[in-house]
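Visitor: I should like to learn how to read the features of a model that contains more than one chain. Could we begin with the pairing of strands?

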Amino acid sequence: MSLESTPAERLAAFLARTPYIAFLGMRAELAGDEMTAILPFSPHLIGNTLLPALHGGVLGAFMEMTALAQLAVITGGPRPAKTIDVTIDYLRPGRAMDTYARAQIKKAGRRISSVHVEAWQEARAKPVAAIRGHFQMPAEG
Amino acid sequence: MVKPPNFIAAMTGTLDEEAARHMVTRTPQTEALGFQFVSISDARGTIQVPWRADLVGDPETGVIASGVVTTLLDHVCGLSIRAAAAVPQGTLDLRIDYMRPARPQADLVADGHCYKLTRTIAFVRALAHDGDPDDPVATAQAAFALVGGLS
């Protein structure tokens, strides 16, 4: 997939090639250059049946995949970026409902990029979790 | 309201092995990922996740997705806190460093250690490896809030 492809094609290719994204049931939509990732609620995502609440790892993984998807939109290579590190902040319980996330690329480097992601459910202004992460960019070509 | 046995055990003292096994294998997400209980001891816990094709992050390499490692590390941190304090807890923050990709088609093992408890907070370290704990795939550092605090 080269940079002659459209952002929508690059996003679709990233989502389709990653088995773990299908496991989560994650999808994403593009409005111009703004991507919104969507994690539809599914019972297998629950980590705490008493509350009930989404597994914290699922929220972290969903935001990490959101960052990787956003990076795939801006890069043309066939390989996805690789996660170097992430710091996940848990702000509110992730309830048993649909979750959304948007990524902000703070720095798109040739080798390393820095990305922030926020995830929310009922209200964009009340995020349930956030991550900051560094990602190794795929080699060009 | 009838609570499951693991919750009662968690509220009344040390987490026994059956309750720990339940916590690792019987939540919907850990069941979906195929987590297996390995052990608990004083303030420590170990979980294993067998490789599976649908958990792969990059089909060209066949390596388990980093997102699976995130959930594995979060869960083993929770298990080690239960082994230390036996009260329910919620993650405040979780920092994960990915040192290297796991080997293709390798199972992963995670060890957690709750090295400090205050009345309200648990501090935890964990690592994930694919056979040799001295050559980890990822390491984690986390803080958890103890729900209700320690009495």
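Guide: Two strands count as paired if DSSP finds at least two bridges between them. The model shown here is predicted. In it, strand β5 of chain A, residues 82-90, pairs with β5(B) in the antiparallel sense, over 5 bridges.

Visitor: Which residue of β5(B) is the bridge partner of Asp89(A)?

Guide: That partner is Asp93(B).

Visitor: How many residues does each chain bring to the contact?

Guide: Residues are in contact if their C-beta atoms, placed from the backbone, lie within 7 Å. Here chain A contributes 31 residues and chain B contributes 29 residues. On the side of chain B that touches chain A, the elements giving two or more residues are α3 (28-33), β3 (56-58), α4 (66-84) and β5 (89-98) of chain B. The largest share of that side, 9 residues, belongs to β5(B). By residue class, the side of chain B that touches chain A comprises 13 nonpolar, 10 polar and 6 charged residues.

Visitor: Let us turn to a single residue. Is Val128(A) buried or exposed?

Guide: A residue is termed buried if 20 or more other C-beta atoms lie within 10 Å of its own. Val128(A) has 24 other C-beta atoms within 10 Å and is therefore buried. Val128(A) is located in the loop between β7 (112-120) and β8 (129-136) of chain A.

Visitor: Which residues does Val128(A) touch, leaving aside those up to four places away in sequence?

Guide: Among them are Leu59(A), Leu91(A), Arg92(A) and Trp120(A). As for Ala67(A), it lies 61 residues from Val128(A) in sequence and 16 Å from Val128(A) in space, C-alpha to C-alpha.

Notes: Residues numbered from 1 in each chain as written. Chains lettered and ligands numbered in written order. Predicted model: local features only at pLDDT ≥ 70, side-chain atom pairs only at ≥ 80, totals over all residues. Contact = placed C-beta atoms within 7 Å. Helix = DSSP H or I, 4+ residues; strand = E, 2+ residues; numbered from the N terminus. Nonpolar A, V, L, I, M, F, W, Y, C, P; charged D, E, K, R; others polar. Buried ≥ 20, exposed ≤ 12 C-beta atoms within 10 Å, placed from the backbone.
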